[in-house]
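Student: I would like to look closely at one small part of this chain and then follow it outwards to its surroundings. Could you take me through it slowly?

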Amino acid sequence: MARRVLKLVSLAAASSGFYLYSSKYLDPNDFGAVRVGRAIATTAVITYDYLTSLRSVPYGSQEYAYLKSQVHLRSAERLRDLCCANRGTFIKVGQHLGALDYLLPEEYTRTLKVLHSQAPQSSKQEIEQVIREDLGKEIKELFVSFEDTPLGAASLAQVHKAVLQDGRIVAVKVQHPKVQAQSSKDILLMEILLLTVKQIFPDFEFMWLVDEAKKNLPLELDFLNEGRNAEKVAHMLKDFDFLKVPRIYWELSTRRVLLMEFVEGGQVNDRAYMERNSIDVNEISRNLGKLYSEMIFVNGFVHCDPHPGNVLVRKCPATGKAHIILLDHGLYQVLTEKFRLDYCRLWQSLIKADMKRVQKYSRRLGAGDLYPLFACMLTARSWDSVNRGIDRSPVTANEDVEIRTNAAAYLPQISQLLNNVPRQMLLLLKTNDLLRGIESALHTRASASSFLNMSRCCIRAVSTYQRSKSHSLYRKAKISLLEALSLWQINLHELFLRLKGSRLGNWVIAFLSRMHHSPY
């Protein structure tokens with residue numbers, strides 16, 4: 001079997017090399033033999049490790065579980081090193097995998113998370129070149145000052161602080177100069193390697209990764225598209241006074257350079273920063289949930305990269321209110337009406353623990369007979385908790401370990417599900433996991449308020465749809481009345497929960513308890 005692996009990998013290397021270098025992808029400077037060879041060698045070593053390390057160990061034994069964990073860890077480290085070496089698209093895909101906390105083995109997600117802080121930096125000369133080519137002027141002609149050290153570097157670009165000639169302080173996002181040319185070639189290479197691995201491991205269903213990269217990377221590499229997304233979401237959520245989306249300066253923006261209003265803040269997972277600045281952690285978590293519930297269930301236009309570097313918090317100097325600052329608007333998922341409504345009804349069913357409807361809407365979303373696994377993936381809760389009701393009890397440490405362990409045990413079924421569900425679902429799953437990571441860091445995971453906010457948005461979304469399809473004034477009035485009653489019930493329940501958690505509420509409960517036990 002190992003010989004077959006080497007033969008297949010050699011064949012893949014030869015065929016991919018021939019195809020790439022004899023076609024329109026020819027560019028030896030950007031896509032040299034070292035870059036291709038590094039990816040092929042890493043894939044071959046990982047594949048060989050999985051084939052040989054577990055071959056002589058009884059499946060299901062403690063030794064098998066231990067060895068498998070070690071292989072996962074070694075493979076994740078090799079994949080991380082490959083991403084860091086090849087940069088660009090490889091880091092972007094690695095970051096995507098690292099965000100799937102409850103869908104992939106922990107060894108992979110824990111190891112690949114570091115890619116968010118190990119993205120490459122372009123040199124000062126490269127940044128000057130991109131600005132010169134795109135804006136037609138030198139940096140000193142455009143800016144009074146321009147900080148050489150970037151505020152942050154990501155897989156596709158980096159951001160510098162600068163001051164315009166008129167005194168405006170701006171953030172300048174500049175694309176890495178080679179990433180545009182390399183991206184299509186990187187995706188092609190990944191596709192060939194993943195197809196080769198699938199020949200060896202038929203249960204390996206990760207072609208969705210390539211499909212997503214093909215669709216999303218061109219959009220993320222177009223900074224004008226990012227600017228339009230920023231303005232659209234700012235207008236869409238204008239009623240949320242706690243949301244700040246930096247203004248875009250279009251006169252100095254191109255496909256590779258984006259100028260934005262400079263806004264400072266701490267990362268959303270930095271609990272210590274919030275405590276130092278007297279920012280209510282629970283309020284931030286609650287408001288972040290409101291934002292995403294509104295985007296997903298009501299508008300169907302979803303910011304899909306809410307890792308902590310893209311979501312900042314600050315206390316507004318003028319009002320003293322806590323603001324959430326939403327950055328990096330390159331990756332959005334547009335949900336179709338049918339998908340959005342099915343997703344609404346699925347979450348309503350999950351919150352109510354209505355298993356018949358959970359099965360119905362999971363199947364409609366492509367889960368088939370794997371609907372219990374799908375429900376667990378969506379909620380990051382055990383099947384027992386889903387059956388009891390995910391709002392009934394908080395996530396325990398034991399349950400969290402169980403979910404992560406099951407992610408490794410059910411990897412073939414998870415990869416099958418990811419291949420079967422609508423493409424829209426993939427980025428939502430990633431977004432869910434990133435938001436859960438923030439909640440875990442803030443210790444606000446699975447609070448009742450998050451489910452109440454989701455319920456409100458689901459009710460509004462379904463009611464709006466029903467009114468749009470009704471031609472009877474009586475029917476529309478009835479739908480509106482039922483909507484108002486449902487929202488009123490949620491508000492009443494939320495008030496009860498707040499009173500219960502307050503000092504006054506505890507005092508009233510204690511007083512009533514004493515009255516109940518009084519002999520008089």
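Leaving aside its neighbours within four places in sequence, which residues is Ala 375 in contact with?

Tutor: Please keep in mind throughout that this is a predicted model. Once the neighbours within four places in sequence are left aside, Ala 375 is in contact with Leu 350, Val 358, Trp 383 and Val 386. Ala 375 itself sits in helix α15, which covers residues 371–379. Ala 375 counts as buried because its relative accessibility is 1%, and the cut-off for a buried residue is under 20%. There is also a pair of positions to find by eye: Ala 375 and Ser 362 are separated by 13 residues in sequence, and their C-alpha atoms are 7.5 Å apart in space.

If we widen the view from the one residue to its helix, we find that α15 is mostly covered, with eight of its nine residues buried. The buried residues are Tyr 371, Leu 373, Phe 374, Ala 375, Cys 376, Met 377, Leu 378 and Thr 379. Several helices contribute to what covers them, including α13, α14 (355–364), α16 (383–388), α18 (411–420) and α19 (423–442). Just after α15 ends, Ala 380 takes a positive phi of about 55°.

One of the covering helices, α13, deserves a look of its own. Helix α13 runs over residues 337–352, and its 16 residues reach 23 Å from the first C-alpha to the last, which is close to the 22 Å expected at 1.5 Å a residue. Like α15, helix α13 is described as mostly covered, and in α13 it is 13 of the 16 residues that are buried. Ala 353, just after α13, takes a positive phi of about 55°, as Ala 380 does just after α15.

Met 425 is a useful link between these regions. When neighbours within four places in sequence are left aside, Met 425 is in contact with Phe 339, Tyr 343, Leu 365, Phe 374 and Leu 378, and of these, Phe 374 and Leu 378 are among the buried residues of α15. Met 425 is also one of the residues, along with Leu 291, Tyr 343 and Trp 347, that touch the most other members of the largest nonpolar core, which has 112 residues. A second, separate core has 17 residues, including Val 130, Leu 142, Phe 143 and Tyr 249. As a general background to such groupings, nonpolar side chains tend to be buried together in soluble globular proteins.

For contrast, we can turn from helices to a sheet elsewhere in the chain. Four strands form an open sheet in the order β5-β10-β9-β7, and the pairing is mixed. Its edge strands are β5 (243–244) and β7, each of which pairs on one side only. Strand β9, made of residues 311–315, is mostly covered, since four of its five residues are buried. On one side, β9 pairs with β7 (residues 266–267) in the antiparallel sense over two bridges, with Gln 267 partnering Leu 312 and Gly 266 standing opposite Val 313. Strand β10 (residues 322–326) also runs antiparallel to β9, joined to it by five bridges, and Leu 312 has Ile 325 as its bridge partner in β10. The strands β9 and β10 form a hairpin with six residues between them, and in the turn Gly 320 has a positive phi of about 80°.

You may also wonder about the cysteines, because a disulfide is a covalent bond between the sulfur atoms of two cysteines. The structure holds zero disulfides. Cys 458 cannot be counted in one because its sulfur is 4.3 Å from the closest cysteine sulfur, in Cys 344, which is too far for a bond. Cys 458 is buried, at 0% relative accessibility. Cys 83 is likewise unbonded because its closest cysteine sulfur, in Cys 84, is 6.9 Å away, and Cys 83 is buried too, with a relative accessible area of 3%.

Finally, let us set the part within the whole. The chain has 22 helices and eleven strands, and buried residues make up 51% of its 520 residues. Among contacts with a separation of 6 or more, 69% come from residues 24 or more positions apart. The chain exposes about 25100 Å², of which carbon and sulfur atoms supply 55%.

Definitions and conventions. Residues are numbered from 1 along each chain as its sequence is written. This is a predicted model: local features need pLDDT of at least 70, side-chain atom pairs count only at pLDDT 80 or more; totals for chains, interfaces and linings use all residues. Side-chain values use heavy atoms; hydrogens and water are left out. A nonpolar core is a set of buried Ala, Val, Leu, Ile, Met, Phe, Trp, Tyr and Cys residues joined through side-chain atoms within 4.5 Å. Buried means under 20% relative accessible area, exposed over 50%, partly exposed in between (1.4 Å probe, protein chains only). Contact means heavy atoms within 4.5 Å. Accessible areas come from the Shrake-Rupley method with a 1.4 Å probe; for residues, only the protein chains shown count as cover. The expected span of a helix is 1.5 Å times one less than its number of residues. Two strands pair if DSSP finds at least two bridges between them. A disulfide is a pair of cysteine sulfur atoms within 2.5 Å.
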